[in-house]
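Subject: Structure handover and findings

Hello,

Here is the structure we talked about, for you to open next to this message. Please look it over before you read the notes underneath.

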Amino acid sequence: MDNNRCRVSGHVTVFISMVMMCIFALFCVLVESARTAGARWYLETASGSVMDSVFSQYHRQLWDTYRLLFAEYEDEEELEKDFEKYVLPYLEAAGWYPMELLSAQVDMWHMATDDNGAYLEQEILDYMQYGIWKTDLTPETVDRLWDNAREAEAVQAVGTRYRTHGKEALKLEKALEAITASQNRQQQLRREGLSRLDRYDGPGFRHVAGDLVRELGRMPRLVAEYEKQADRLAASLRESREYFEQQQTECSAQVRSMLEEEIAQYEAYVDEDGRRRQEVRALAQASRDQTVLVEATIEEARQVEEIIAEWEDDDDEEDGGDGPDLEALWSPVYRHFAGLEIHTLSFSHGVKDKQKEGWLDQVEQLYRSGMLRLVVPEEMKVSSGYLADTWLPSKTEIMTPGARGISLPDHLMVDEYCSRFFRCFRTNGPGEQTEAIGIEGKGGLAYELEYLIHGADKDEENLSGTVSRLLAVREGLNLIHILSDSGKRAQARNLAMAITGAAGFSPLLLLTTFFVMSVWALGESLMDVRGLLAGRRVMLLKGSGDWTLEIDNLLAMGRQGRVDTGGGDRGFTYLTWLKLLLLRDEIVTQEYRMMDMIQMNIRRKQDCFRMRRGMYEARINGSFCGKHVFFSLGFVENFTGSRDHTYPMQVAAERVY
């Protein structure tokens with residue numbers, strides 16, 4: 001009985017042990033499965049924290065100075081090493097989640113200079129959207145301003161072309177004056193020659209007649225020069241008509257109509273010149289015929305002199321006798337020479353007041369010869385700064401201007417950022433202090449906004465290029481104002497009448513009127529820009545009360561070679577006008593030039609800094625080796641049939657500023 005009971009108990013114990021082993025093995029498998037899942041969650045959490053640590057290493061000065069978040073990394077290997085460094089403490093403190101790092105590999109990263117500046121732009125917009133900015137340009141008003149600026153540039157371009165044609169027309173009139181002057185000289189020599197014949201002065205007549213031959217010989221050259229200038233004017237007017245057809249789409253219907261009216265006067269002048277050219281062209285052949293006549297008369301006079309000389313010799317030998325009949329001898333010469341007709345032009349032509357015309361021309365010459373000297377106030381000195389850095393993003397990085405666009409509100413925010421973080425000619429002026437603090441040291445560019453607009457290596461060139469663009473916009477807007485103001489048109493016509501001496505509404509008078517209006521708009525624009533640089537304001541669209549240059553002062557400007565300060569208390573400041581120019585610029589080039597300025601200024605403290613090292617976004621794939629905990633028990637190994645205690649784990653961690 002006892003032995004049987006012990007045998008039965010032993011069977012039960014073995015059976016229960018086997019059951020318990022299965023239960024514990026199953027429990028360990030379940031626990032290991034949960035632990036493995038926990039290990040994966042732990043690894044993902046650790047990798048995310050590691051990426052947070054990596055991205056917490058943003059460039060401090062870049063943030064302090066420009067409010068931009070970029071971490072500085074030379075290459076992917078450097079980023080991978082940082083990932084490994086920051087992940088090790090998490091692996092050492094893994095506890096129930098033992099694992100080892102096998103490798104870390106950058107799968108994707110984006111730098112500040114990548115994708116045509118899109119990441120710099122996003123950083124700027126992310127910062128600007130959280131600020132409360134008081135801006136003078138808003139999306140609601142910019143559309144109108146943009147249209148006005150675009151129209152102004154088109155009008156300025158057309159106006160400049162036709163102002164040049166006005167000067168060419170006045171030169172054509174001067175060519176006619178040269179022809180008339182030659183004709184007057186011919187008339188004078190004819191009268192003097194007849195006077196010599198009246199006095200039977202053969203040698204004196206031949207001398208005067210020789211001068212007349214030479215003067216007649218000039219006429220074909222004068223006619224050819226006139227025709228050359230007339231052909232050049234006609235050809236350039238045809239080109240300008242084509243140019244106007246292209247530009248008129250940028251203009252409103254009213255402005256197109258006003259310009260068309262003025263352009264028609266130039267074409268009418270050329271048409272009229274075609275009719276009078278026939279008369280001018282005939283002068284060349286007439287002068288040749290006249291030359292033959294005068295030369296024949298000179299020869300006839302020489303023969304008369306020989307007859308008189310022979311007669312005098314015979315009288316000397318015979319000691320007496322009557323002298324030759326001088327009147328009879330010289331009468332044919334006089335009659336033939338008196339038959340010479342000197343033609344004069346039958347139409348009105350020429351410039352009557354060359355002094356005033358010269359003063360107007362001098363205004364444009366001032367603009368072309370040294371604009372900064374005219375518009376920069378005397379008390380302000382132009383910076384001599386220049387860029388010595390050849391490793392600028394705009395010069396070394398791959399970019400495609402125009403490769404991507406930008407919405408108008410975003411462009412406004414980018415330009416507002418530029419106005420607050422980059423310096424310009426008027427920086428430190430009242431109400432125009434930038435927020436770009438902490439920049440120390442000398443060198444580089446002082447006119448950073450002007451660099452964004454023009455992109456030259458020297459401050460003076462950037463200021464000059466920016467001022468030229470401002471002048472173009474202002475000139476177009478001012479010309480539109482003059483064309484729309486009947487009073488100013490009348491003043492311009494009166495001055496044109498004084499210059500040409502023409503009355504009524506001849507084509508010459510009308511095209512000279514447009515020439516005067518164009519120069520007037522240029523002079524007012526020079527005063528506007530000088531006022532902006534002096535800290536004054538200028539209205540976008542002027543009223544009569546905003547106009548600063550009277551037409552008499554326009555002549556004084558050309559006579560004295562000096563520009564007064566324009567502007568006033570109303571309108572846009574110089575900084576606002578720069579933002580308007582930036583708004584019209586292509587965004588990719590602008591943003592790479594921004595990176596140029598940022599790099600230039602940061603390098604004053606950190607010489608090795610490069611914008612191309614600024615990391616904006618990255619994704620790292622980590623390969624880990626996990627270690628089983630509960631599978632390593634012997635009875636579990638027997639249960640599962642596996643003696644490998646490791647397993648691979650992959651994790652991808654991504655961060656973006």
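The notes below go through some helices, two buried side chains and one loop.

Please keep in mind that this is a predicted model.

Helices with capped ends

Helix α6 covers residues 202-247, which is 46 residues. From first C-alpha to last, α6 reaches 67 Å, close to the 68 Å expected at 1.5 Å a residue. The N-terminal end of α6 is capped by aspartate 201, with a side-chain oxygen 3.0 Å from the backbone nitrogen of glycine 204.

Helix α19 (residues 587-602) has 16 residues and spans 22 Å between its first and last C-alpha, close to the expected 22 Å. As for its surroundings, α19 is mostly covered, with 16 of its 16 residues buried. Glutamate 586 caps the N-terminal end of α19. In that cap, a side-chain oxygen of glutamate 586 is 2.8 Å from the backbone nitrogen of valine 588.

The α14 and α15 pair

Helix α14 is made up of residues 459-484 and helix α15 of residues 486-500. Their axes lie 5 Å apart, and the two helices pack at an angle of about 90°. Angles of 65 to 115 degrees count as roughly perpendicular, so α14 and α15 are roughly perpendicular to each other. On the α14 side the contact is formed by His481, Ile482, Leu483 and Ser484, which meet Ser486, Lys488 and Arg489 of α15. By type, the residues of this contact divide into two nonpolar, three polar and two charged.

Two buried side chains

Is arginine 276 buried or exposed? Arginine 276 belongs to helix α7 (residues 253-318). Its relative accessible area is 8%, and buried means under 20%, so arginine 276 is buried. Not counting residues up to four places away in sequence, arginine 276 touches Glu173, Leu176, Tyr226, Tyr269, Phe347, Ser348 and His349.

Phenylalanine 515 is in helix α16 (residues 507-533). With a relative accessibility of 1%, phenylalanine 515 also counts as buried. Which residues are in contact with phenylalanine 515, leaving aside its neighbours within four places in sequence? They are Arg163, Gly166, Lys167, Leu170, Tyr266 and Leu360. Phenylalanine 515 and aspartate 361 are 154 residues apart in sequence, while their C-alpha atoms are 9.7 Å apart in space.

The loop between β2 and α4

Aspartate 115 sits in the loop between β2 (99-111) and α4 (118-128). Its phi is near 50°, a positive value in a residue other than glycine. Aspartate 115 counts as partly exposed, at 44% relative accessibility. Asparagine 116 is also in the loop between β2 and α4. Asparagine 116 is not a glycine either, yet it has a positive phi of about 55°. Unlike aspartate 115, which is partly exposed, asparagine 116 is buried, with a relative accessible area of 16%.

Past the loop, alanine 118 is in helix α4. Alanine 118 is partly exposed, with a relative accessible area of 26%. Between alanine 118 and leucine 62 there are 18 Å in space, C-alpha to C-alpha, and the two are 56 residues apart in sequence.

Regards

Conventions. Residues are numbered from 1 along each chain as its sequence is written. This is a predicted model: local features need pLDDT of at least 70, side-chain atom pairs count only at pLDDT 80 or more; totals for chains, interfaces and linings use all residues. Side-chain values use heavy atoms; hydrogens and water are left out. Helices (H or I, at least four residues) and strands (E, at least two) are DSSP runs, numbered from the N terminus. The expected span of a helix is 1.5 Å times one less than its number of residues. Buried means under 20% relative accessible area, exposed over 50%, partly exposed in between (1.4 Å probe, protein chains only). A polar contact is a pair of N or O atoms within 3.5 Å; within protein, one must be able to donate a hydrogen and the other to accept it, and residues adjacent in sequence count only if both atoms are side-chain atoms. Axes are lines fitted to C-alpha atoms, for helices over the stretch in contact, and angles run from 0 to 180 degrees between N-to-C directions. Angles under 35 degrees count as roughly parallel, over 145 as roughly antiparallel, 65 to 115 as roughly perpendicular and the rest as oblique. Contact means heavy atoms within 4.5 Å. Ala, Val, Leu, Ile, Met, Phe, Trp, Tyr, Cys and Pro count as nonpolar, Asp, Glu, Lys and Arg as charged, and the others, Gly among them, as polar.
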